[in-house]
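I opened this notebook to keep track of what I look up as I go through a structure that is new to me. The entries follow the order in which I looked.

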Amino acid sequence: MVRTASAAGSRTGKVVHGTGRRIRRATAAEGAGESGLAKLIELHALNAFGDMLITVALASTIFFSVPTGEARGRVALYLLVTMAPFALLAPVIGPLLDRLPHGRRAAMAMSMLARAVLAWTMAGVVTGGGLALYPEALGVLVASKAYGVVRSVVVPRLLPSRLSLVKANSRVTLAGLLATMVAAGVGGLLHLIGPGWPLRGAFLVFVAGTLMAFHLPHTVDSAKGEQRAVLHAEEHPPGHHGVLHGRNAPAAAPAEGAAAAQRPRASLRTVGPSVILALRAMAAMRWLVGFLVMFLAFLLREEPIGGLQPTLALGLVALAAGTGNAIGSALGSWLRPRGPEMTVTAMLLLAGCATAAAALWYGTVTVVTVAATAGTAASLGKLSLDALIQRDVPESVRTSAFARSETLLQMSWVAGGAVGILLPLNGALGLSVAAAVLGAVLLWTLRSLLRVGVRHRRAAPRVA
């Protein structure tokens, strides 16, 4: 028996070691290992793993452990106590992180450490599900979103020469999705031991993430030449090839003469109409994702589709959404980064059509389809938005633009979730409201697309 156990342990160790080496080779491919992007991919996987463990613990306490009516009240209270303050804090996150350009590794580490401490604290109060849990959940949410903003602005700093920003973000996103799927199973097993054990597991994960954040390359903290960007559109002047002039641009020195007056100044005050077009479309798709998460969670628990058990129906929809996210990330890595304006508009159209179809023919197939479509559209649309920021925003202000766009998208998710929790639990009605919102934004986006046009060229970073 001892020899058998020893042999089984040895084989298991070899499998784990071999899997680890293959994962390392995949994350370090095409120069990602040399640039440091592979370390960010691994850090993001830890982040997604820990966040999912916390989600499992909160969902089991707030949602699954009580009847539907009480669960809806608890989630509404959760939104009120956590999302309402977050709605006030989120607009501050981007500008605040703009002031820490030399401390991005420290900011990511602190977001991990804060969640580690909060997860350990929540483990002691999660069983009762009382009010003491909600301020701590708010802290976890803010720390998680702060990490997301910093991660978005760090990727361009670690971009290998052989990878586009679209493919780099696709790798990071896929790593997070895979870690989330594994964490869901691990969290479920830990929950069988006790309600607080997923949170204790999250504590260990975030402690490891805190240490790993400081192993990112020092270029992450480099902010040479960076400035702040304001997210509003302004048409590019004819023949303009550099940075747009800004209202607060410094005046040229007298010695530079008339030639200096004609030279573009490194003070971007707009990100351009193409970025605004994509940001508006992506905000609508993030709104849809937040809406579907909250609305379908309660609707399927009260009225499961196709006669399925509520847990099975929710699991089916969650699997469809996760698969859609993975498909979108894979398509982003496979497709050539051309015409991102058209891509993000097409994704908005696809999501709108799927939502309208689900509203007209509400059923198992259409609900699963809209969940998968929303995941694919949001994932591929975000990659297209990143490509546009890479293409149209000069390097001197690109990190600032990433921070502000990420904050806006997170706020859109919160708004969609709030609508989902407030609407009556009627499938056709809720999905009709969602389809109407997407339809209005689609018309606005198509109008902007006709004005902006599509630039058919490879996305390449603009340097101020």
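**Entry 1: a residue in α13.** Before looking at single residues I noted the cut-off I need, namely that a residue counts as buried when its relative accessible area is under 20%. I also noted that what I have in front of me is a predicted model. I then looked up Ile389, which is placed in helix α13, and because its relative accessible area is 0%, I entered Ile389 as buried. Looking along the chain from there, I found that Ile389 and Ser405 are separated by 16 residues in sequence, while their C-alpha atoms are 9.5 Å apart in space.

**Entry 2: the whole protein.** I stepped back to the overall make-up and recorded 15 helices and 0 strands. The protein has 464 residues, of which 51% count as buried. When I took the contacts with a separation of 6 or more, I saw that 85% of them are between residues 24 or more positions apart.

**Entry 3: the core.** Which residues touch the most other members of the largest nonpolar core? I found that this core holds 99 residues, and that Leu37, Leu40, Ile54 and Met108 are the ones that touch the most other members. Helix α10, which spans residues 273-302, gives the largest share of the core, with 18 residues. I followed Met108 further and, leaving aside its neighbours within four places in sequence, listed its contacts as Leu40, Leu43, Tyr147, Val150, Arg151, Val154, Ala213 and Leu216.

**Entry 4: α12 against α13.** I noted for myself that a pair of packed helices is described by the distance between the axes and the angle between them. For helix α12 (residues 340-360) and α13, the axes come within 8 Å and cross at roughly 165°. Because of that angle, α12 is roughly antiparallel to α13, and the crossing in which α12 passes α13 is left-handed. On the α12 side the contact includes Pro340, Val344, Met347 and Leu350, and on the α13 side it includes Thr366, Val370, Leu380 and Arg391. Sorted by class, this contact has 13 nonpolar, 7 polar and 2 charged residues.

**Entry 5: α7 against α13.** Is α7 parallel, antiparallel or oblique to α13? I looked up the axes of helix α7 (residues 165-193) and α13, which come within 9 Å and cross at roughly 140°, and that angle makes α7 oblique to α13. Here the crossing is right-handed. Leu165, Val166, Asn169, Ser170 and Thr173 of α7 meet Ser379, Leu383, Asp386, Ala387 and Gln390 of α13, and the residues of this contact divide into 4 nonpolar, 5 polar and 1 charged.

**Entry 6: two serines.** Since Ser379 had come up in the meeting of α7 with α13, I looked at it by itself. Ser379 sits in helix α13, which runs over residues 364-392, and it counts as buried because its relative accessibility is 7%. Apart from neighbours within four places in sequence, Ser379 is in contact with Thr173, Asn325, Gly328 and Ser329. I then turned to Ser144, which lies in helix α6 (residues 133-154). With a relative accessible area of 16%, Ser144 is buried, and, again leaving aside neighbours within four places in sequence, Ser144 is in contact with Asp51 and Arg115.

Terms used
Residues numbered from 1 in each chain as written. Predicted model: local features only at pLDDT ≥ 70, side-chain atom pairs only at ≥ 80, totals over all residues. Heavy atoms only, no water. Helix = DSSP H or I, 4+ residues; strand = E, 2+ residues; numbered from the N terminus. Buried < 20%, exposed > 50% of the residue type's maximum accessible area, 1.4 Å probe, protein only. Contact = heavy atoms within 4.5 Å. Axes fitted to C-alpha atoms, helices over the stretch in contact; angles between N-to-C directions. Parallel < 35°, antiparallel > 145°, perpendicular 65-115°, else oblique. Left-handed = near helix turned anticlockwise from the far one by under 90°. Nonpolar A, V, L, I, M, F, W, Y, C, P; charged D, E, K, R; others polar. Core = buried A, V, L, I, M, F, W, Y, C linked by side-chain atoms within 4.5 Å.
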